[in-house]
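Here's a walk through one protein model, with an eye on its charged side chains. Have the coordinates open while you read.

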Amino acid sequence: GKEIDPDLYKFVENVFYHPLFKSVMISSIMLNAIFLSLETDYKVRYESHLFLQVADLIILAIYTTEFLMGLYLDPVNYWKDGYKRFDAAVLFLAYLPYTIDQSNPKRHHVFTMLKGFQALRVLKLLYYSPGITNLMAAMGQTVKNVIYVLVLLFLLIFIFAILGHGLYGDYQHGDPQNWGSLAAAFFTLFSLVTVDGWTDLQEELDDKKFVTSRTFTIVFILLGFFVFFNMFIGVVIMDIQQYEQKLKEERQVTLIAKKQTILKRQQEEIYELFNLQKSTEYKTFDEMVESFKKSLLHSDPMILEDFCASLPFIDLYLASLDRQDATVYKLQDLYYEMVAILTTLLYHSQEKFLYNLQCFKGKSK
């Protein structure tokens with residue numbers, strides 16, 4: 001697309017990366033979430049069926065436009081991004097309900113199931129939130145360590161399930177409902193590791209007069225919940241922190257590279273000025289620098305690190321100090337002039353007052 005029509009490519013690129021387009025997409029996703037929540041109410045869905053259907057088509061058209069624009073800008077790398085592949089899959093699911101005949105009762109269940117999957121469209125908001133995107137990427141980095149913790153937790157549950165089945169799984173004198181099979185023991189231990197309803201499970205064992213049941217329950221909860229379950233949370237937090245530190249280091253490297261590029265460009269400009277001095281009418285380097293200053297803009301990037309030790313900065317700083325001194329001298333002259341004028345006015349007003357006072361005394365005599 002870029003080689004065939006560069007003007008169209010530039011236009012699509014400007015629109016796609018414009019902040020207003022991002023705002024439109026975020027607004028569309030929020031409206032989609034609101035409409036999906038409204039469709040869960042039968043009365044609203046029945047009375048506003050046409051409105052909701054038109055709104056869904058408009059939102060779907062916006063999503064499709066975004067998909068086509070992203071695919072047009074980078075058709076090769078588009079499919080390498082995991083989020084964009086997920087976005088394309090969700091967009092494909094969004095079109096499936098329109099391929100089903102709603103009037104057919106046999107297809108109604110399939111239609112409602114596909115409509116339920118439309119809630120996945122709300123996940124498009126993750127792409128437009130850098131914080132959530134970084135968090136999801138960090139979660140992806142933690143999968144390996146989390147799997148190790150889950151494997152250890154599974155082995156712990158497996159050991160205690162075999163042990164619990166042997167201790168309390170007897171069908172005559174035990175608790176076969178919770179410990180009678182390996183599957184039942186696994187589910188019971190899962191309830192214990194989440195500390196959900198463990199007191200009820202313990203009461204059932206106490207009713208069967210199992211002396212070791214409390215020790216068994218306490219040891220498993222200590223290991224399963226307080227150790228492995230919290231270890232799972234700790235691993236996630238540590239990996240997220242490491243990922244954030246890695247991102248910070250990458251940003252620092254990118255910033256240093258940009259600074260080096262700007263410094264290299266500035267050095268090249270200085271060398272060009274030195275070479276230009278030899279082949280122009282400028283007699284001194286200062287005259288050429290004065291001419292160069294006039295071509296600078298306020299938006300030009302400047303590296304401030306070690307900047308105060310450079311000769312151009314010292315030259316500009318001294319020139320600024322000279323202008324500040326000149327401004328102070330001018331202000332002092334103005335102050336002196338104002339004081340002289342005020343003194344003259346005060347002197348004349350005093351003479352006029354004395355003259356009027358003498359005239360008043362002469363008339364009174």
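A salt bridge here is a side-chain nitrogen of Lys or Arg within 4 Å of a carboxyl oxygen of Asp or Glu. Keep in mind that this is a predicted model, where local features need pLDDT of at least 70, side-chain atom pairs count only at pLDDT 80 or more, and totals for chains, interfaces and linings use all residues. Residues are numbered from 1 along each chain as its sequence is written, and side-chain values use heavy atoms, with hydrogens and water left out.

**Overall fold**

The protein has 14 helices and 0 strands (DSSP runs numbered from the N terminus: H or I of at least four residues for helices, E of at least two for strands). Of its 365 residues, 23% are buried; buried means under 20% relative accessible area, exposed over 50%, and partly exposed in between, with a 1.4 Å probe and protein chains only.

UniProt, in an unreviewed entry, places "transmembrane region" features at residues 20-38, 50-73, 122-140, 146-167, 179-198 and 218-238. Those positions follow the numbering used here, feature names are shortened, and the annotations may be inferred rather than shown by experiment. Residues 20-38 are 100% helix, with end C-alpha atoms 27 Å apart. Residues 218-238 are also 100% helix, and there the end C-alpha atoms lie 28 Å apart.

For a look at the packing, try L52, which sits in helix α4 (residues 49-73). L52 is buried at a relative accessible area of 5%. Its C-alpha is 6.9 Å from that of F35, although the two are 17 residues apart in sequence.

**Salt bridges**

Side chains of opposite charge can pair when their charged atoms come close. A search of the whole structure turns up 5 salt bridges, including these:

| Pair | Closest N to O distance |
|---|---|
| E39 and K115 | 3.7 Å |
| K124 and E66 | 2.7 Å |
| K124 and D87 | 2.9 Å |

What does the bridge between E39 and K115 tie together? E39 lies in the loop between α2 (19-38) and α3 (42-47) and K115 in helix α6 (residues 108-116), so the pair links parts that are 76 residues apart in sequence. E39 is buried, with a relative accessible area of 15%, while K115 is partly exposed at 23%.

Now for K124, which pairs with E66 at 2.7 Å between the closest N and O atoms. Since K124 lies in the loop between α6 and α7 (130-141) and E66 in helix α4, this pair ties together parts 58 residues apart in sequence. K124 also pairs with D87 at 2.9 Å. D87 belongs to helix α5 (residues 82-95), so that second pair ties together parts 37 residues apart in sequence. Together, E66, D87 and K124 are linked in a network of salt bridges.

Is that network's lysine buried or exposed? K124 counts as buried at 4% relative accessibility, E66 counts as buried at 6%, and D87 is buried too.

**A charged patch**

D200, E203, E204 and D207 form a negative surface patch. Patch residues have over 30% relative accessible area and no salt bridge, with like charges joined within 9 Å and nonpolar side chains (Val, Leu, Ile, Met, Phe, Trp, Tyr) within 5 Å. Asp and Glu count as negative, Lys and Arg as positive, and His and the chain ends are not counted. D200 is in helix α11 (residues 198-207) and counts as partly exposed at 47% relative accessibility.

Key
Areas by Shrake-Rupley, 256 points an atom, 1.4 Å probe, with all protein chains shown as cover. Charge placed at Lys NZ, Arg CZ, Asp CG, Glu CD.
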